[in-house]
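Reader: Please take a close look at a single part of this model and set it in the context of the whole chain. I should like a connected account, with the criteria behind each term.

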Amino acid sequence: IMAIIGTYLKKEGKLKNDTITATVMSNLGLFIMGDKNNITIEKTNVGDRYVLERMLEAGHNLGGEQSGHIINLDYNTTGDGILTAIQVLTIMKKTGKKLSELKNVMEILPQVLINAKVDPDKKESYLENERIKTEIDKLEAKFAGEGRALIRPSGTEPIVRVMIEGRDKDILQREAQALADIITEELK
């Protein structure tokens with residue numbers, strides 16, 4: 001949805017700084033869409049507060065999270081589902097296109113997220129473990145140019161999140177599970 005609103009605002013000359021603010025967990029398809037449409041996708045930490053903070057700092061008017069929390073500072077300072085729905089309906093009305101047509105602005109790539117349960121005192125130090133670091137480096141090299149790997153500790157739970165994106169969901173699932181198992185084994 002954010003891609004639909006962003007590309008429309010860009011065409012209308014209303015996307016401030018030609019930038020959308022999104023989190024590191026946003027689908028890789030959003031970044032590819034940005035490249036194709038000359039829209040910068042700026043990354044923040046996960047959380048509406050980080051998105052809003054960056055938007056206010058940089059003067060951007062559109063941002064949000066993959067979960068669907070979309071902030072349009074032209075109207076509101078928080079994610080608002082009703083406002084987002086109205087914006088999409090307005091775009092449909094003005095363009096004469098169905099939502100099924102508008103969504104083609106972005107391809108959503110398969111994304112696999114596995115939570116590795118770890119000792120709460122060790123979750124922040126996962127990159128200090130040589131075996132884990134080596135496996136992460138291998139994964140990043142394997143998916144370079146065709147996907148990405150994002151590994152980060154949860155801010156609220158004793159887990160390290162392993163997220164991998166690419167084209168083949170079966171491969172992603174297998175690789176994410178293998179890394180999550182190693183992280184759990186090394187940090188229990």
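The request concerns helix α4, and the answer sets it beside helix α6 and the salt bridges.

Reader: Which residues of α4 are buried, and which elements do they pack against?

Author: The model is a predicted one, in which local features need pLDDT of at least 70 and side-chain atom pairs count only at pLDDT 80 or more, while totals for chains, interfaces and linings use all residues. Residues are numbered from 1 along each chain as its sequence is written, and side-chain values use heavy atoms, with hydrogens and water left out.

The setting comes first. The protein chain has seven helices and seven strands, these being DSSP runs numbered from the N terminus (helices H or I, at least four residues; strands E, at least two). Along the sequence they follow the pattern α-β-α-β-α-β-β-α-α-β-α-β-β-α. The C-alpha atoms fill a box of roughly 55 × 30 × 25 Å along the principal axes. Of the 188 residues, 44% count as buried; buried means under 20% relative accessible area, exposed over 50%, and partly exposed in between, with a 1.4 Å probe and protein chains only. Among contacts with a separation of 6 or more, 59% join residues 24 or more positions apart, a contact being heavy atoms within 4.5 Å.

Helix α4 has 15 residues, which should span 21 Å at 1.5 Å a residue, and its end C-alpha atoms are indeed 21 Å apart; the expected span is 1.5 Å times one less than the number of residues. The buried residues of α4 are Leu 83, Thr 84, Gln 87, Val 88 and Ile 91. They cover an arc of only 135 degrees around the axis, which puts them on the same side of α4, the arc being that of the directions from the helix axis to the C-beta atoms. An α-helix has 3.6 residues a turn, so residues three or four places apart point the same way. The buried residues of α4 pack against α1, β4 and α5.

Thr 84 belongs to this buried set, with a relative accessible area of 9%. Beyond its neighbours within four places in sequence, Thr 84 is in contact with Ile 1, Ile 5 and Ile 70. The face turned away from the buried side carries the exposed residues Gly 81, Ile 82, Leu 89 and Lys 93. Lys 93 has a relative accessibility of 71%, and its C-alpha lies 22 Å from that of Asn 37, a residue 56 positions away in sequence.

Both ends of α4 have a local feature. At the start, a side-chain oxygen of Asp 80 reaches to within 3.0 Å of the backbone nitrogen of Ile 82. Just after the helix, Gly 96 takes a positive phi of about 75 degrees.

Helix α6 (residues 130-143) may be read alongside. Its 14 residues reach 20 Å from the first C-alpha to the last, close to the 20 Å expected. Ile 132, Ile 136, Leu 139 and Phe 143 are its buried residues. Seen down the axis of α6, they fall within an arc of 60 degrees, so they line one face of the helix. These residues pack against β6 (148-153), β7 (159-165) and α7 (169-186), whereas Glu 130, Lys 138 and Ala 141 are exposed on the other side. At the start of α6, a side-chain oxygen of Asn 129 comes to within 3.0 Å of the backbone nitrogen of Arg 131, and just after α6, Gly 145 has a positive phi of about 85 degrees.

Salt bridges complete the account. Twelve are found in the whole structure, each a side-chain nitrogen of Lys or Arg within 4 Å of a carboxyl oxygen of Asp or Glu. One of them joins Asp 74 to Lys 16, with the closest N and O atoms 3.8 Å apart. Asp 74 lies in the loop between β4 (70-72) and α4 (81-95) and Lys 16 in the loop between α1 (2-11) and β1 (19-23), so the pair ties together parts that are 58 residues apart in sequence. Asp 74 is partly exposed at 38% relative accessibility, as is Lys 16 at 43%. Another salt bridge pairs Arg 148 with Glu 165 at 2.5 Å between the closest N and O atoms. Arg 148 lies in strand β6 and Glu 165 in strand β7, so this pair ties together parts 17 residues apart in sequence. Both Arg 148 and Glu 165 are buried.

How values were computed. A polar contact is a pair of N or O atoms within 3.5 Å; within protein, one must be able to donate a hydrogen and the other to accept it, and residues adjacent in sequence count only if both atoms are side-chain atoms.
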